[in-house]
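Colleague: I'm new to this one. Could you walk me through it and tell me how you know each thing you call it?

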Amino acid sequence: MKKLIALIICLTLCLGTVAALAAEPAAKVKIGFIFLHDENSTYDLNFINGAKEACAKFGIEPILKTNIDESEACYEAAADLADSGCNIVFADSFGHEDYLIQAAKEYPNVQFCHATGTKAHTEGLSNYHNAFASIYQGRYLGGISAGMKLNQLIADGKITAEQAKLGYIGAYTYAEVISGYTSFFLGARSVCPTATMEVTFTGSWYDPALEQEGAVKLIGNNCVVISEHADSMGAPSECEKAGIPFVFYNGSAESACPTTYIVASRINWEPYFEFIINAVANGEEIPADWTGTIATESVLLTDVNEKAAAPGTAEAIEAAKAKLESGEVKVFDTATFTVNGETLTSYMADVNTDPAYEKDTEAISDGYFHESEYRSAPYFDLQIDGITLLDTKF
Amino acid sequence: MRNETKREPLIHITRRGMLPWYRAWAIRGGAIALALLVCALITTLVTHQDPLAVFASIFEASFSTQRRTWILFQNIAMLLSVSLAVIPAFRMRFWNLGAEGQMLVGGLATAACMICLRDIFPNWLVIVCMVITSIAAGAVWGVIPALFKAKWDTNETLFTLMMNYVAIQLVSFFIIVWEVPKGAGKIGIINQSTEIGWLPTIGGQKYLLNIIIVAVLTVIMYIYLRYAKHGYEISVVGESERTARYVGIQVDKVIIRTMLFSGALCGLTGLLLVGGTDHTLTTTITGGRGFTAVMVAWLAKFNPIWMIGTSFLLVFLERGAGQISTSFGLNQSFSDILTGIILFFIIGCEFFINYRIAFRHPGKNGGKAHV
């Protein structure tokens, strides 16, 4: 018995040493994170979880700064992280970008990485990088589950085919949101051809009350399945109360909304965090733009909630996912949508950010819109037929 | 009135005369010590963290690096600047809760100059325009409620408060007008590459100019309130409007003049925030300082010099709160609880400075007292 214990101890020690040696390059990496809110925001929680998981893999301790406003406070936080020895600083909110660039100019030896930003490819800084994921693919799959639900409601005689109306709560009329709701809609229409959609905007990325009001408005307009691009539980809890099925974003809402939550798409940030930690550990360069895909597991769908979903939803999602991965199906295939009744063959997108919103890059070729290929952040901002915007003041 | 015998209440609260300063400060010191003790207890019980380590990280937040100390002083300067702006009105018992809005319109005017004039005027002229328009905008925002108060005796507390929301909506509107990229709902750093309209830095320290301006303002405000005729008039109006009228002070004129001044200073604070440090415009750029200023002013009994201390205390605690949540992985709400406890004790101790508490003496009158 004693020998056995001794053997186990020896083995553990050996393994420990090996593990420590393997993790050696990462040990010199110190990474700091800047979050707009704290874990009460589903958006930030998704980043916080990814950060913790990635760092746990390398055995490094991240520094997390929460509730950092999109102001001078962001620059101060970034500079403070650099002062405390971080060689990677990551910020999660769109409005953090300019302040991170400001810090990047001041600390050329620290890598500054930013989610959802648009300026890295034109800024010309070797230590400032943007990242995003092709979440439009995830939303497309979420759209399929919504379309299946519409079909089920039609088959059950609860609505007619003409009443198959989706609702969507967006934050701003910003390309990232437009790209999101359009891909969701195209996914739904790929299984339910009569689907239409109404979109309302809140003018805020995180406002539980406004998101809830948006849901009330859409339900009042007879939308029968709802989805959203905003960061709180405001809309889902309203849908649960009203018994309206919905497709979520950022993470599961199954525990809070067991009867109406169908599925959620989310960006998994762990692969990116692993990528940048590895890059810095090995002295490799981080590209100005990095776009995760379904194939890199950066875009994930949660398990389908069978209580709310139409039968066969999980299988339909799997089938469509395989086609997206193989490239057989393109989300923004120009044959699947029209703008003002016409099929597009050319579209200049605003890829390089400037105050004049200059349209600078041809985005349609080979029969589809090339989303997230010329920079990581989405730039699809077409208003396609079948979608009605209820308000566009934001 | 019937003269009856009643049981003496267990606790007697009586107003004290002026306490000698050292006893007042002993009570305040005791309150802070007690507050820290309660904080330590709660920290240990709720989070199982070492309370001393928590206190240490509060200090680290402000003093462990040079940058953190600069940020501390910058934040003190900004909070103090708004607090200075509100006290002339407060001394007059004109409850200006609109500092937030007055700052915002000042910031809005600044941003407007930076964006609309950048291609037309040279840098120095843009800055001159920023200074003039921001101060004017703040003054106008402040004087509107004052005019209504003077002419129709409207309630200034509600009026100034409502003006905040008008200012927020105005700013939201212009953010959408100036947003980059389209639909993003944010302006970002204005003129990041050209730095047009950025207030100059002194000796390479970006916060130094703000700090110096506010330091000068503090001295001016002290002299203005204490030694100038205006300051005296404000005090008299605050004590009693009737007395003021009796001695020939035109109360309406004093109210309007003071709110013009108050609003102008708030507008200036907006200028320092937008042109001096943040170089952007958001609806949250003021960070609630317009309301925190009320606490700074009350805690310091409307004395500009003491306000340096009270704004230091509040900013120090706020910086510490952020650091606690980072160092210990605690939610920011927990550090807000600690701040709340400390403020509760500090505000509460003023009660013990103003009132004496006596317990019933069992021996005397057999516990009975004539009432």
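Modeller: Sure, and let's begin with pairing: two strands pair if DSSP finds at least two bridges between them. Keep in mind that this is a predicted model. By that pairing rule, chain A has an open sheet of 6 strands, in the order β2-β1-β3-β4-β5-β11, and the pairing is parallel.

Colleague: How do you know that β1 and β3 of chain A pair?

Modeller: Strand β1 (residues 31–34) and strand β3 (residues 88–91) of chain A share 4 bridges, and the cut-off is at least two, so they count as paired. They run in the parallel sense. For one bridge you can look up, take I31(A), whose partner in β3(A) is I88(A).

Colleague: What makes β2 and β11 of chain A edge strands?

Modeller: β2 (63–65) and β11 of chain A each pair on one side only. Going from one strand to the next in that sheet, the twist averages 20°.

Colleague: Which strands form the sheet with mixed pairing?

Modeller: That one has 7 strands of chain A, ordered β12-β10-β9-β8-β6-β7-β17, and it is open too. At its edges stand β12 (299–301) and β17 (387–389) of chain A; each has a single partner strand, so one side of each has no neighbour in the sheet. Here the twist averages 20° from one strand to the next.

Colleague: What makes β10 and β12 of chain A a pair, and in which sense do they run?

Modeller: Strand β10 (residues 261–267) of chain A meets β12(A) over 3 bridges. With a threshold of at least two, they qualify, so we call them paired, and the sense is antiparallel. I267(A) is the residue opposite V299(A) of β12(A).

Colleague: How is chain A divided into domains?

Modeller: The domain assignment gives domain 1 (28–134 + 269–292) and domain 2 (135–260 + 299–389). Their centres, taken over C-alpha atoms, are 28 Å apart. The contact takes 21 residues from domain 1 of chain A and 18 from domain 2 of chain A. On the domain 1 side, α3 (42–58), α6 (120–123), β5 (128–133) and β11 (289–292) of chain A each supply at least two residues. That side has 6 nonpolar, 13 polar and 2 charged residues.

Colleague: Over in chain B, why are α2 and α3 called roughly perpendicular?

Modeller: Helix α2 (residues 51–63) of chain B and α3(B) pack at about 85°, with axes 6 Å apart. Roughly perpendicular covers 65 to 115 degrees, and the angle falls in that range, so the name fits α2(B) and α3(B). A61(B), S62(B) and F63(B) of α2(B) make the contact with R68(B), T69(B) and L72(B) of α3(B). Those residues split into 3 nonpolar, 2 polar and 1 charged.

Colleague: How many residues of chain B are in contact with chain A?

Modeller: 25 residues of chain B are in contact with 30 residues of chain A. α3 (66–91), α10 (251–278) and α12 (304–328) of chain B each give two or more residues to the chain B side. The largest share, 3 residues, is from α3(B). By class, the chain B side has 7 nonpolar, 13 polar and 5 charged residues.

Colleague: Where in chain B does pLDDT stay under 50?

Modeller: Over residues 366–371 of chain B. Among the elements of chain B, strand β4 (residues 368–370) has the lowest mean pLDDT, 43, and helix α4 (residues 99–116) the highest, 97. The mean for chain B is 90, and the complex gets an ipTM of 0.85 from the predictor.

Methods: Residues are numbered from 1 along each chain as its sequence is written. Chains are lettered from A and ligands numbered from 1 in the order in which they are written. This is a predicted model: local features need pLDDT of at least 70, side-chain atom pairs count only at pLDDT 80 or more; totals for chains, interfaces and linings use all residues. pLDDT is the predictor's confidence in each residue, from 0 to 100. Two residues are in contact if their C-beta atoms, placed from the backbone, lie within 7 Å. Ala, Val, Leu, Ile, Met, Phe, Trp, Tyr, Cys and Pro count as nonpolar, Asp, Glu, Lys and Arg as charged, and the others, Gly among them, as polar. Axes are lines fitted to C-alpha atoms, for helices over the stretch in contact, and angles run from 0 to 180 degrees between N-to-C directions. Angles under 35 degrees count as roughly parallel, over 145 as roughly antiparallel, 65 to 115 as roughly perpendicular and the rest as oblique. Domain bounds come from an automatic or database domain assignment.
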